[in-house]
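Subject: Structure handover

Hello,

Please find the structure below. Have it open while you read the notes that come after it.

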Amino acid sequence: MLVLVAPGQGAQTPGFLTPWLELPGAAARVAAWSDAIGLDLAHYGTQADADAIRDTAVAQPLLVAAGILSAAALGEVSPAAVAGHSVGEFTAAAFTGVLDDTTALTLVRKRGLAMADAAAITETGMSALLGGDPEVSVAHLEKLGLTPANINGAGQIVAAGTLEQLAALNEDKPEGVRKVVALKVAGAFHTHHMAPAVETLAKAAADLTPADPTVTYVSNKDGRAVSTGAEILERLVGQVANPVRWDLCMETFKELGVTAIVEVSPGGTLVGLAKRALPGVKTLALKTPDDLEAARELIAEHGV
């Protein structure tokens with residue numbers, strides 16, 4: 001049983017889109033998407049430096065475009081389920097036909113801009129906790145007023161809140177946590193600090209008519225499989241200010257009987273988590289087009 005997954009913000013690296021644009025028709029598709037959303041995706045994916053693509057308003061549509069492009073390069077794919085981490089949920093929505101490619105990119109561009117605006121209101125950030133027991137860590141974060149914004153499984157938790165709260169966390173780590181590492185992000189994503197972005201995104205989504213997914217769509221909110229396009233769109237909007245429960249998504253993969261996971265470009269993060277949380281499951285990350293043939297072989301073996 002095959003699951004196709006899409007990474008979230010932070011997976012991008014300078015120039016990562018370059019080899020994908022060399023595929024037949026890819027540059028034209030990306031140019032059309034760029035015109036539609038008012039952002040030069042090819043420039044940011046090939047020439048921009050790390051600071052430029054760290055910008056939330058740039059990173060989010062860039063990641064979704066790369067995910068859609070790399071998935072299309074696989075050809076006919078028949079996964080049993082799809083999921084995405086944070087902004088990767090928009091990529092997954094495009095995979096399943098809930099939103100067409102241009103609509104998904106247009107909406108995620110508005111999401112990135114709205115989240116950047118929300119992050120500018122208060123100085124906030126995110127930090128990863130290395131080591132420790134998840135239950136102990138979550139309780140400690142809540143005591144400090146922080147939100148466990150990403151509970152990723154395999155022992156990985158990301159805390160989010162104000163810079164003062166994060167500074168307190170550095171001084172008062174949860175029992176068992178070896179280190180707290182500040183992440184290079186613009187704000188406290190997936191917390192109440194993003195409430196203004198939820199309102200903006202809800203208005204942008206109000207006139208859309210999403211289709212029902214063609215395959216099982218697993219949601220970040222609670223790891224549950226969602227069967228209607230309307231509910232998926234509602235969850236995409238609300239998830240901006242809710243924690244990402246990737247741990248629960250992986251639990252659902254296990255319940256579904258997953259045997260293989262393919263992560264679209266820029267792959268690596270999610271298959272790394274799967275290797276630790278889902279032992280025995282075969283994984284492959286689409287880092288460059290050189291990985292396509294191996295991915296196709298895995299899909300042929302494990303696809304529906």
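The notes below cover the sheets first and then the pockets.

This is a predicted model, in which local features need pLDDT of at least 70 and side-chain atom pairs count only at pLDDT 80 or more, while totals for chains, interfaces and linings use all residues. Residues are numbered from 1 along each chain as its sequence is written, and side-chain values use heavy atoms, with hydrogens and water left out.

Helices (H or I, at least four residues) and strands (E, at least two) are DSSP runs, numbered from the N terminus. Two strands pair if DSSP finds at least two bridges between them.

An open sheet has 4 strands in the order β4-β5-β3-β6, paired antiparallel. Its edge strands, which each pair on one side only, are β4 (147–153) and β6 (177–182). Inside this sheet, β3 (residues 124–131) is joined to β5 (residues 156–162) by 6 bridges, and M126 stands opposite A160 in β5. Helix α8 (residues 134–143) lies across β3, β4, β5 and β6 (contact means heavy atoms within 4.5 Å) and runs at about 0° to β5. For such angles, axes are lines fitted to C-alpha atoms, for helices over the stretch in contact, and the range is 0 to 180 degrees between N-to-C directions.

Strand β9 (residues 260–263) has parallel pairing. Strand β1 (residues 2–6) is joined to β9 by 4 bridges and runs parallel to β9; V3 has I261 as its bridge partner. β9 also pairs with β10 (residues 282–285) in the parallel sense over 4 bridges, and here A260 is partnered by K282.Now the pockets. A pocket is found on a 1 Å grid over the protein atoms alone, as an open set of points where a 1.4 Å probe fits, with protein on both sides within 12 Å along at least five of seven lines; lining residues have an atom within 4 Å of a point. The largest pocket is lined by 35 residues, and Q9, G10, A11, L183 and V185 lie nearest its centre. Strand β3 gives the largest share of this lining, 5 residues.

Which residues line the second largest pocket? They are L4, A71, G75, E76, V77, S78, P79, V82, F95, T96, T214 and V215.

Regards
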